[in-house]
Amino acid sequence: YTSGAMPASPAPQGPAPPLMVVSPAYRKEVEAVSKIKESVLYKEIDDITRKYADSSRNNQALARDLDALKRQLAAREKEFETREAQLRMKHDDEITGLRREVFVLTAKVKEGNYRTRIASGATTLKDEIASKEDLARVENDIKEQELILQGFQ
């Protein structure tokens, strides 16, 4: 071809091939195979649907179990927080009691020291003045301790 155009397709030669004739027995066999395939596919669909339903039920049960566990955990956490608060209060009460006891014992020791000095014969004016200073110091200590105790209550 010199003009650059494509040549035209050749004209059909002769009549079209005849359609194939299928026997009734073959047609029945094809239909039977099709029905078997169809029933297998329906069975697979039923199986998948059943598995999906089972899986959905399992997921729902797991979600319920998870929610129950979360509620139990929250309840336990609250119990522990309550117990911790009780223990802290008990601890604080014990510390306050011990501080009071220390204060009382310290005062008794100071009083015992004062009585020991008096009993040992310290009767001079200088000793009495020192004793009054000690008494003033003890009274100041008592006031400070009372303020501290009031702060803890």
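Is Arg57 buried, partly exposed or exposed? Arg57 is partly exposed, with a relative accessible area of 48%. I shall return to this residue and its partner shortly. Colleagues, please bear in mind throughout that the model before us is predicted.

Let me begin with the overall composition. The protein contains two helices and zero strands. Of its 153 residues, 4% are buried. The exposed surface comes to about 14,300 Å², and 60% of that area is supplied by carbon and sulfur atoms. Helix α1 spans residues 24-119, and most of my remarks concern residues placed on it.

I turn now to the salt bridges. The structure holds three of them.

The first I shall discuss joins Asp47 to Arg50, with 3.0 Å between the closest N and O atoms. Both residues belong to helix α1, where three residues, or about one turn of the helix, lie between one position and the other. Asp47 has a relative accessible area of 27% and is therefore partly exposed. Arg50 is likewise described as partly exposed, with a value of 48%.

The next pair brings us back to the opening question. Arg57 forms a salt bridge with Asp54, and here the closest N and O atoms are 2.1 Å apart. Asp54 and Arg57 are also both in helix α1, three residues apart, which is about one turn of the helix. Asp54 is partly exposed, at 33% relative accessible area; for Arg57, as already stated, the figure is 48%.

The remaining pair is Glu84 and Arg88, whose side chains meet in a salt bridge at 2.9 Å, N to O. Because these two residues are four apart in helix α1, about one helical turn separates Arg88 from Glu84. What of their accessibility? Arg88 counts as exposed because its relative accessibility is 51%, and the class begins over 50%. Glu84, at 40%, is partly exposed.

Let us now move along helix α1 to Phe103. Is Phe103 buried or exposed? Phe103 is buried: its relative accessible area is 17%, and the limit for this class is under 20%. Leaving out residues up to four places away in sequence, Phe103 touches Asp141, Ile142 and Gln145. A further spatial relation links Phe103 with Glu146: the two are 43 residues apart in sequence, yet their C-alpha atoms are 9.3 Å apart in space.

Lys110, also found in helix α1, offers a second view of contacts across the sequence. Which residues does Lys110 contact, once its neighbours within four places in sequence are left aside? They are Val138 and Asp141. Asp141 thus appears in the contacts of Phe103 and in those of Lys110. In addition, the C-alpha atoms of Lys110 and Asp134 are separated by 8.7 Å, with these positions 24 residues apart along the chain. Lys110 counts as partly exposed, with 31% relative accessibility.

Finally, I would draw attention to the surface. Val22, Tyr26 and Val30 make a nonpolar surface patch of about 250 Å². Of these residues, Val30 is found in helix α1, and its relative accessibility of 37% places Val30 among the partly exposed residues.

To close, the picture is of a protein with two helices and zero strands, three salt bridges, and contacts that join Phe103 to Asp141, Ile142 and Gln145 and Lys110 to Val138 and Asp141. Thank you for your attention.

Definitions and conventions: Residues numbered from 1 in each chain as written. Predicted model: local features only at pLDDT ≥ 70, side-chain atom pairs only at ≥ 80, totals over all residues. Heavy atoms only, no water. Buried < 20%, exposed > 50% of the residue type's maximum accessible area, 1.4 Å probe, protein only. Contact = heavy atoms within 4.5 Å. Salt bridge = Lys/Arg side-chain N within 4 Å of Asp/Glu carboxyl O. Areas by Shrake-Rupley, 256 points an atom, 1.4 Å probe, with all protein chains shown as cover. Patch = residues over 30% accessible without salt bridge, like charges linked within 9 Å, V, L, I, M, F, W, Y side chains within 5 Å.
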